[in-house]
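User: I have a structure open and would like to go through it with you. Could you take my questions as they come?

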Amino acid sequence: MLSTNNKYVGLLYLSPALLFVAVFVFYPLVQLVMISMTSESLLGGGEFVWFDNYLLAFSDRSFWMSFWFTVRYTLIITPILMILGFLLALLTMQNRPLAQLTRGVVFLPVVIGLASSSLLWVWLFDQQVGLLNKALVDIGVLEEPMVWFNRSHLGMTAVIVSVVWKVVGFGMIIMLSGMQSISHEVVEASMIDGASYWQRVRKIILPLSARSILLATLISAIGSMLAFDQFYLMTGGAPRGQTFTSVYWIYQNSFVYFKLGYGSALSIILMVVIMAGAALQIALQRRGETA
Amino acid sequence: MTDLASPATSLATGATDARVVGGSRAVGYLVAALCLAIIALMMAPLVLSFLASLKPPAEAAAVPPQYLPRSLSIENYRTVASYQAGLWTYVANSLVVAALTIIFCLALSVPAGYALARYAIPFKEVFFLLILASMMIPYQAMLTPLYLMFSSLKLTNTHVGLAIVHTILQLPFSVYLMRNSFEAIPRELEEAAVMDGCTSMQILRRVFLPLVLPGMITVSLFAFISSWNEFIAALIFMSRETSFTVPVMLTGVSTGIFGVVDWGALQAGVIVSVIPCIGVYLLLQRYYVTGLLSGAVK
């Protein structure tokens, strides 16, 4: 099997994938770095300007506003997703029919598109025809239907509600797999020792599924830092660009204002932030492999 | 519907004892009530959207709205069906792009996974890490250079172009999954095939392919769902009215005509866009959940 001939056969099989990654990931990456140092625009032009775009980015209030808005969104939604995901995993941990059904239903929105779910929720939140507004009035939470997308914190609340509905099942499934790999003996031993349910959750289940919780947290946080669809479709950046996320602001610069050079510099800044998170995620996954 | 959760069930190794979640009957009822409430809450948006899509247009636009339709109509579906270039053009675009994404992912990841699992290749680990590393790079940040590249190659507004972007997204996961699938096959099997005089191509086709079929189904499933749902690249690369995919076309419906949104038609569009995902998931849920876990956890 290991003759020299086979060595090249192996390389031959691997080469299409390698070539693809080289042409469509690494070559564009180099291009991105180059474009970020030019004044390139979709309308033409493009001179080499060294690090002007980066300097501009650091003093661009709109960019930092969108960046901190994204960070704030991530810091708010991630704990909500993780706590709800954890509680749902606890609730549906047993393999009883009703628990399994609940699991399946909670996971269902994960497979539908974020664009579709955002457009579904825009309708539910609409001031005039929105059924969520109507339900909130009917149960007495609101006095009358309200406009959700004219103030940034309300817009963010609406987006968070819709995204929690859409992705809470993801964290649940990851944590469930962590919980279900806890050995039966450990749990039984604690029961013989007379530990109460919540003691077991705190002292056994929580620490022993810590790795899966951490992984789900990182994956969710990276996803939230790259948020675009939900804000583009639900708030449209309103009011006055206060709900632009980083990716949205990059999209806006590159493909609406055609400032490709500047947009590329912003992309690289975002990429560095994301890659730090992704590196952490991979390190965790690797540690799990060897453990 | 009970079957819906079976993939997670098959992962269960412990903690299935009824006593794990408090023993008493009252607690049991409380848990059941909680489960039912959660099911109702999670299903409500989709059910309400579906019902709204079946309202006659006037009812769907009524202020204040009613939860349930008073009469049923497929008028909203007719409206989306004839929206701009016609819904079927957009569904066809989405399907062709998704099919091409599946083909590209399989064509690249099956041989790559085979090579990584079974051949001694110089710098093998480096190559594998390079492929995985592309997963760390957010594609949202790469859209500008890809757009410029595809413009000069005349790949914007083409199915192949968008499918390439969607393949970039899925390839690391696909290669990883296929490598694991090939590694799980006992070496004795291929040794026997070598003894019988099979060439490496024959081994791949006759011995391995049937055994890695579950892996290939998982790769295809993820490629389909992520391509069908992908939004920002489709928005940027498919700018011509006839080349929109379903999510991009829905954006048009949601902005409305002269600011007046046809809410019934929008919900009909939402339903059309979620049905393939839900259908494929219900059919192949086992592959979906195991794929998700092997991609994320292992």
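**Helix α12 of chain B**

Analyst: In this predicted model, helix α12 of chain B, residues 246-255, is mostly covered, with seven of its 10 residues buried.

User: Which residues of α12(B) are buried?

Analyst: They are V246(B), P247(B), V248(B), M249(B), L250(B), V253(B) and S254(B).

User: And what comes just after α12(B)?

Analyst: G256(B) follows, and its phi is positive, at about 75°.

User: Which residues other than glycine have a positive phi?

Analyst: Among them are F258(A), with phi near 60°, and F123(B), with phi of about 60°.

User: Where is F258(A), to begin with?

Analyst: F258(A) sits in the loop of chain A that runs between α12 and α13, the latter covering residues 260-290.

User: Is F123(B) in a loop as well, and where?

Analyst: F123(B) lies in the loop of chain B between α5 (87-118) and α6 (124-133).

User: Why is F123(B) classed as exposed, and F258(A) as partly exposed?

Analyst: The classes rest on the number of other C-beta atoms within 10 Å, and a residue with 12 or fewer is exposed. F123(B) has 10 such atoms, so it is exposed. F258(A) has 15 and therefore counts as partly exposed, since buried begins at 20.

User: Switching topic: where are the cis peptide bonds?

Analyst: One of them runs from A238(A) to P239(A), with omega near -5°. Another joins V63(B) and P64(B), where omega is about -5°.

User: What surrounds P239(A) and P64(B) in the chain?

Analyst: P239(A) is in the loop of chain A between α11 (229-234) and α12 (246-256). P64(B) is in the loop of chain B between α3 (57-60) and α4 (75-81).

User: Now the chains as a whole. How many helices and strands does chain A have?

Analyst: Chain A has 13 helices and zero strands. Its radius of gyration is 24 Å, well over the 19 Å that the globule rule gives for 291 residues, so chain A is more spread out than a compact globule. Its C-alpha atoms fill a box of roughly 75 × 75 × 30 Å along the principal axes.

User: How much of chain A is buried?

Analyst: Buried residues make up 46% of the 291 residues in chain A. As for its contacts with a separation of 6 or more, 69% are between residues 24 or more positions apart.

User: What are the corresponding figures for chain B?

Analyst: Chain B has 13 helices and zero strands. The box filled by its C-alpha atoms, taken along the principal axes, is roughly 75 × 70 × 35 Å. Of its 298 residues, 48% count as buried. Among its contacts between residues at least 6 apart in sequence, 77% join residues at least 24 apart.

User: Which domains are assigned in chain B?

Analyst: The assignment gives domain 1, residues 18-80, and domain 2, residues 85-255. The C-alpha centres of these two domains of chain B lie 35 Å apart.

User: Let us turn to the interface. How many residues of each chain are in contact?

Analyst: On the chain A side there are 86 residues, in contact with 87 residues of chain B. Helix α1 of chain A, residues 4-35, supplies the largest share of the chain A side, with 19 residues. By class, the side of chain A that touches chain B has 60 nonpolar, 21 polar and five charged residues.

User: May I have one residue of α1 in chain A as an example, and what is it in contact with?

Analyst: V9(A) is in helix α1 of chain A. Leaving aside its neighbours within four places in sequence, V9(A) is in contact with Y119(B) and S200(B).

User: Why does V9(A) count as partly exposed?

Analyst: V9(A) has 18 C-beta neighbours inside 10 Å, and a residue is buried at 20 or more and exposed at 12 or fewer, so V9(A) falls in between.

User: Finally, what are the confidence scores?

Analyst: The model scores ipTM 0.91 and pTM 0.90. The mean pLDDT of chain B is 88, and 91% of its residues reach 70 or more.

User: Where in chain B does pLDDT stay under 50?

Analyst: It stays under 50 over residues 1-21 of chain B. For that stretch, the model has 51 contacts beyond four places in sequence.

Key. Residues numbered from 1 in each chain as written. Chains lettered and ligands numbered in written order. Predicted model: local features only at pLDDT ≥ 70, side-chain atom pairs only at ≥ 80, totals over all residues. Contact = placed C-beta atoms within 7 Å. Helix = DSSP H or I, 4+ residues; strand = E, 2+ residues; numbered from the N terminus. Nonpolar A, V, L, I, M, F, W, Y, C, P; charged D, E, K, R; others polar. Domains from an automatic or database assignment. pLDDT = per-residue confidence, 0-100. Rg over C-alpha atoms; globule rule 2.2 N^0.38 Å.
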